[in-house]
Amino acid sequence: LRQLLLLLLIYYYYYSYCCGQQQQQQQGHDPIAGLLAGLERCANNLQDDCTAAAVVWGPVQLANFALVPRHWRAPVVSITGFLWTAFLSATRGGGS
């Protein structure tokens with residue numbers, strides 16, 4: 001459980017940083033200001049996003065390893081990851 005939480009936090013911060021940097025550079029903003037704005041946005045959304053991640057990924061991983069045959073585990077996680085990314089994009093990807 002500790003490893004899963006650590007992975008979620010690392011992935012969340014890395015994803016937010018990369019997407020924030022790319023968006024800021026496309027808009028011609030200062031990279032340092034973009035980094036600070038991205039970190040602030042990340043800190044503001046951290047609790048809500050981690051709660052949503054636990055609600056989605058916890059049951060998916062439990063069901064995946066308990067119920068899904070071995071040869072279907074990777075596709076289940078991939079499809080869930082795609083849907084999770086679409087959710088993040090729809091809820092957090094909107095411009096200001």
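In the predicted model, Ile 32, Leu 36 and Leu 39 together form a nonpolar patch on the surface, with an area of about 300 Å². One of these residues, Leu 39, belongs to helix α2, which covers residues 31-67. The relative accessibility of Leu 39 is 42%. Leu 39 is therefore classed as partly exposed, since this class lies between the limit of under 20% for buried residues and that of over 50% for exposed ones.

The protein chain as a whole contains three helices and zero strands. Read from the N terminus, the order of its elements is α-α-α. Confidence varies along the chain: the mean pLDDT is lowest in α1, at 67, and highest in α3, at 89. Over the whole protein chain the average pLDDT is 79, and 73% of the residues reach a score of at least 70.

The interior was examined next. The largest nonpolar core consists of six residues, namely Leu 8, Ala 53, Trp 57, Val 60, Trp 84 and Leu 88. Two elements, α2 and α3 (73-92), each supply two or more residues to this core. The greatest contribution comes from α2, which provides three residues. Of the 96 residues in the protein chain, 22% are buried.

A further set of contacts involves Leu 9, a residue of helix α1, which spans residues 2-26. With a relative accessible area of 34%, Leu 9 is partly exposed, because this value falls between the 20% and 50% limits. When residues up to four places away in sequence are not counted, Leu 9 touches Leu 46 and Cys 50. Leu 9 and Leu 46 are 37 residues apart along the chain, and their C-alpha atoms are separated by 8.8 Å. Across the protein chain, contacts with a sequence separation of 6 or more were also considered; of these, 60% join residues 24 or more positions apart.

Finally, the surface of the protein chain was considered. The exposed area comes to about 7100 Å², and 66% of this area is supplied by carbon and sulfur atoms. The nonpolar patch described at the outset, made by Ile 32, Leu 36 and Leu 39, has an area of about 300 Å².

Terms used: Residues numbered from 1 in each chain as written. Predicted model: local features only at pLDDT ≥ 70, side-chain atom pairs only at ≥ 80, totals over all residues. Heavy atoms only, no water. Patch = residues over 30% accessible without salt bridge, like charges linked within 9 Å, V, L, I, M, F, W, Y side chains within 5 Å. Areas by Shrake-Rupley, 256 points an atom, 1.4 Å probe, with all protein chains shown as cover. Salt bridge = Lys/Arg side-chain N within 4 Å of Asp/Glu carboxyl O. Helix = DSSP H or I, 4+ residues; strand = E, 2+ residues; numbered from the N terminus. Buried < 20%, exposed > 50% of the residue type's maximum accessible area, 1.4 Å probe, protein only. Core = buried A, V, L, I, M, F, W, Y, C linked by side-chain atoms within 4.5 Å. Contact = heavy atoms within 4.5 Å. pLDDT = per-residue confidence, 0-100.
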